[in-house]
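Grab the model and work through a few short exercises with it. Each one sets a task and then walks through a solution.

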Amino acid sequence: MKSPEFSRIERVQATVKRVLANPLNEIARELDLGILTITNVNLSPDLRRAEIFVSTLNDNFDDSTLIDHLSRRTGELQHEMANQLRTKRTPVLKFRLDHGMARSARINELLGDSNKDAGEA
């Protein structure tokens, strides 16, 4: 059986993900990134800090520039969260890049190429 505190953290993580999805996609459009995906949210047990893992399949954009841009917009994003999150405090956001989706796409591309080569042999 899950402890109530654990399930509360899960609920807040899901809410943070839902609340930030649209504003982050607006920022991605402004930067001409395409789709920006929130892959994970890690909250500290006291709900004061949140690590937001984001991913994009756009290889033409510098990763550090994306994280810098999101970090500059943190205040605006925290204000949006404060309006919708029902907690005593709004978590301080820290953005991290998740390379998992890009790696998966590259692996699938390589596997597709090797399957073509095997079919030709």
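Two strands pair if DSSP finds at least two bridges between them. Keep in mind that this is a predicted model.

**Exercise 1.** Work out which way strands E1 and E2 pair, and over how many bridges.

Solution. Start with the ranges: E1 covers residues 36–43 and pairs with E2 in the antiparallel sense. There are seven bridges between E1 and E2, and pairing takes at least two. For a concrete contact, go to valine 41: its bridge partner in E2 is isoleucine 52. Now look at the hairpin of E1 and E2, where five residues sit between the strands. Leucine 47 takes a positive phi there, near 65°.

**Exercise 2.** Find the sense in which E2 pairs with E3, then check how covered E2 is.

Solution. E3 spans residues 92–97 and runs parallel to E2, with six bridges. One spot to inspect is phenylalanine 53, which stands opposite arginine 96 in E3. As for cover, buried means under 20% relative accessible area. Six of the eight residues of E2 (residues 49–56) are buried, so the strand is mostly covered.

**Exercise 3.** Locate aspartate 59 and decide: buried or exposed?

Solution. First, the place: aspartate 59 is in the loop between E2 and helix H2 (63–72). Next, its relative accessibility is 67%, and the cut-off for exposed is over 50%. Aspartate 59 therefore counts as exposed. Finally, check its company: Asp59 gathers with Asp62, Asp63 and Asp68 in a patch of negative charge on the surface.

Key: Residues numbered from 1 in each chain as written. Predicted model: local features only at pLDDT ≥ 70, side-chain atom pairs only at ≥ 80, totals over all residues. Heavy atoms only, no water. Buried < 20%, exposed > 50% of the residue type's maximum accessible area, 1.4 Å probe, protein only. Helix = DSSP H or I, 4+ residues; strand = E, 2+ residues; numbered from the N terminus. Patch = residues over 30% accessible without salt bridge, like charges linked within 9 Å, V, L, I, M, F, W, Y side chains within 5 Å. Areas by Shrake-Rupley, 256 points an atom, 1.4 Å probe, with all protein chains shown as cover. Salt bridge = Lys/Arg side-chain N within 4 Å of Asp/Glu carboxyl O. Lys, Arg positive; Asp, Glu negative; His and termini not counted. Charge placed at Lys NZ, Arg CZ, Asp CG, Glu CD.
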